[in-house]
Amino acid sequence: MPETGDPWELFLGYCGFARDKPGFDTEEREGMLELARTLRRVVEAARDEGEWLSPLVESPALQPSIETIATPLPTPTTIRDQRWLRAWIAEDRESLRRAIAAFAPSGAVASGAGRDDAVARYDRFARAALSRGAENDAAAAPSPLLTFGSLFNFAIDPGELPFVRRGPYRRLAGILGWELLESEDPSELYRSCLELARHVSSRMRQAGIPARDMLDVNSLLLNAAALHQFWAPGRRCPESARSRRRKDEDSSYLSICAIYRDEAPYLREWVEFHRLAGVERFFLYDNRSADEHRDVLAPRIEDGSVVIREWPDTRGQIPAYEHCLREHGERSRWIAFLDLDEFLFSPGGTPLPEVLEGYGRFPGLGVNWCLFGPSGHETKPSGLVVESYLQRLNVPDNRTIKSIVDPARAVECRSVHQFAYECSDAVDENGYPVFGYHTKSVSFSKLRINHYATKSVAEYRMRGERPRPDQFGSPRAVRLDQVVDAESRFGERDETILSYLGPLKEVVTD
């Protein structure tokens, strides 16, 4: 995609890119259709004076986050939106019921039927909100009103009516030069947003983007608004000169930064595995270890590939990452920030530096976890970690990422999973933006991180008593029952990493 040009061309180019994503239906469509079905039932129950409140409260519309094993359902509302509607529920649920019931069609609704009544239905909802009193004036809370009013309309006809978020619509309108009507009449704003969505739909058809209906159009619109830094004029993040070259012979193409405590039994395997995968240098932060970790690492400390720094801070993980960026960023083209139970590699066996060459224009890369459970081991097995734990857990946590960062463009560490960059943001292995520290779906065909979150049952329990070095500093929450249950229900044998086993054994076996 070009970095400069007409905003509409850049916007439509990004939408075409986003629509081509293999997981588009799973990520953007299926969950929203399920939400529409749920809210349609709420509307019909409210009309018939049936049980409408519990389904509404339990829906994703009023939950911080809802996930299933197969498909992450959307959380379309903000905490502020949710508080607004919950306040209405607490103060006068009967008036809310009537307001929601007003969205119910009088008869069967075919696709597109009743579209012209959308503004009228929204207007009735807005008037009901306004009637609650000056302290709850809808004009003082236009965003929640727009969110829920459009959401109930969307539930009636998701193929024709968009779900509208005020912030994203305003942001996109500003970039594209489209004027939204900011009126004291809340229905005029909704009408203006409908016009923008329909104009976007028309432009997508003209551009040949295969948006099947308004649900596709609006998903692309909201996605582009949220991730405008990837396509809006002047917002792309160019590769810096410092990123493109090594400064001297002491520099590395790929390094790893990690903080650890009492990991001597695992350090050698972890370091040597990553050396085989293509990592050249390790910046390790010792968080008050009392074992023989330095003896284990002595050969690599001597040859300069491992650099250890004492780091006794109780909550030292993020400060350690920040220190690594400042002190060692000049010496690496890329730095991966991992834990000692995480193994980064390319499933096809391609050396990591060769894989990373394809991501030079991005400031960071988010790599998905592959979580592994005890794999039947009650106690520590005699074999290596990578050969002992082969039962992968197919759970939502695999959407979590860890970051490989271009230190020349990283600004700060936001969490142990994600970083802020001077422009743009991280992408997944397919070049799609990562928003936060989860991807919308899992992809690890080019890069993956095997995360041995438990190891054996005994080791998991022992580690559960050890304080974490992250910002919380509290002991790990040990929920072994959930892990074992997930392993039996959603686990599958995964031997991908075993292609490294032979060379690894040659290196680590004395």
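Student: Why is Glu-495 called partly exposed?

Tutor: Happy to start there. The model is a predicted one, and in it Glu-495 has 41% relative accessibility. Partly exposed covers the range between 20% and 50%, so Glu-495 belongs in that class.

Student: What makes Glu-495 and Arg-493 a salt bridge?

Tutor: The closest N and O atoms of the two residues are 2.7 Å apart. The cut-off is 4 Å, so this pair qualifies. Arg-493 itself is exposed, because its relative accessible area is 55% and the class begins over 50%.

Student: How many salt bridges does the structure hold?

Tutor: The structure holds 28 salt bridges. Some are joined up: Arg-19, Asp-25, Arg-29, Arg-212, Asp-213 and Asp-216 form a network of them.

Student: Which salt bridge does Asp-339 make, and how do you know that it counts?

Tutor: Asp-339 meets Lys-402, with 3.3 Å from N to O. That value lies within 4 Å, so the pair counts. Asp-339 sits in the loop between strands S4 and S5, while Lys-402 is in strand S8, 63 residues apart.

Student: Which residue forms a salt bridge with Lys-402 at 2.9 Å?

Tutor: That is Glu-342, and 2.9 Å is again within the 4 Å limit. Glu-342 lies in strand S5 and Lys-402 in strand S8, so their bridge ties together parts 60 residues apart in sequence.

Student: Are Asp-339, Lys-402 and Glu-342 buried or partly exposed?

Tutor: Let's take each value in turn. Lys-402 has 1% relative accessibility and is buried, and Glu-342, at 0%, is buried too. Buried means under 20%. Asp-339 has 22%, so it counts as partly exposed.

Student: Why is the pair of Phe-17 and Tyr-432 called stacked?

Tutor: There are 23 aromatic pairs by the rule used here. In this one, the ring centres are 4.5 Å apart and the planes differ by 25°. Pairing needs centres within 6.5 Å, and stacked means planes under 30 degrees apart, so both conditions hold. Phe-17 lies in helix H1 and Tyr-432 in the loop between S10 and strand S11, so the pair ties together parts 415 residues apart in sequence.

Student: What makes Tyr-285 and Trp-311 edge-to-face?

Tutor: Their planes stand at 90°, with 5.3 Å centre to centre. Edge-to-face begins over 60 degrees, so the name fits. Both residues count as buried: Tyr-285 has a relative accessible area of 1%, and Trp-311 has 10%.

Student: How do you know that Arg-166 is buried?

Tutor: Arg-166 has 19% relative accessibility. The limit is under 20%, so Arg-166 counts as buried. Arg-166 lies in helix H7. Beyond its neighbours within four places in sequence, Arg-166 contacts Pro-142, Ser-143, Leu-146, Glu-182 and Leu-189.

Student: What makes strands S9 and S10 a pair?

Tutor: Three bridges join S9 and S10, which run antiparallel. Pairing asks for at least two bridges, so the two strands pair. They form a hairpin with five residues between them, and Ala-410 stands opposite Tyr-421 in S10.

Student: How many helices and strands are there in the protein?

Tutor: The protein has 18 helices and 12 strands. Of its 510 residues, 56% count as buried.

Definitions and conventions
Residues are numbered from 1 along each chain as its sequence is written. This is a predicted model: local features need pLDDT of at least 70, side-chain atom pairs count only at pLDDT 80 or more; totals for chains, interfaces and linings use all residues. Side-chain values use heavy atoms; hydrogens and water are left out. Helices (H or I, at least four residues) and strands (E, at least two) are DSSP runs, numbered from the N terminus. Buried means under 20% relative accessible area, exposed over 50%, partly exposed in between (1.4 Å probe, protein chains only). Contact means heavy atoms within 4.5 Å. A salt bridge is a side-chain nitrogen of Lys or Arg within 4 Å of a carboxyl oxygen of Asp or Glu. Rings of Phe, Tyr and Trp (its six-membered ring) pair if their centres lie within 6.5 Å; planes under 30 degrees apart count as stacked, over 60 as edge-to-face and the rest as tilted.
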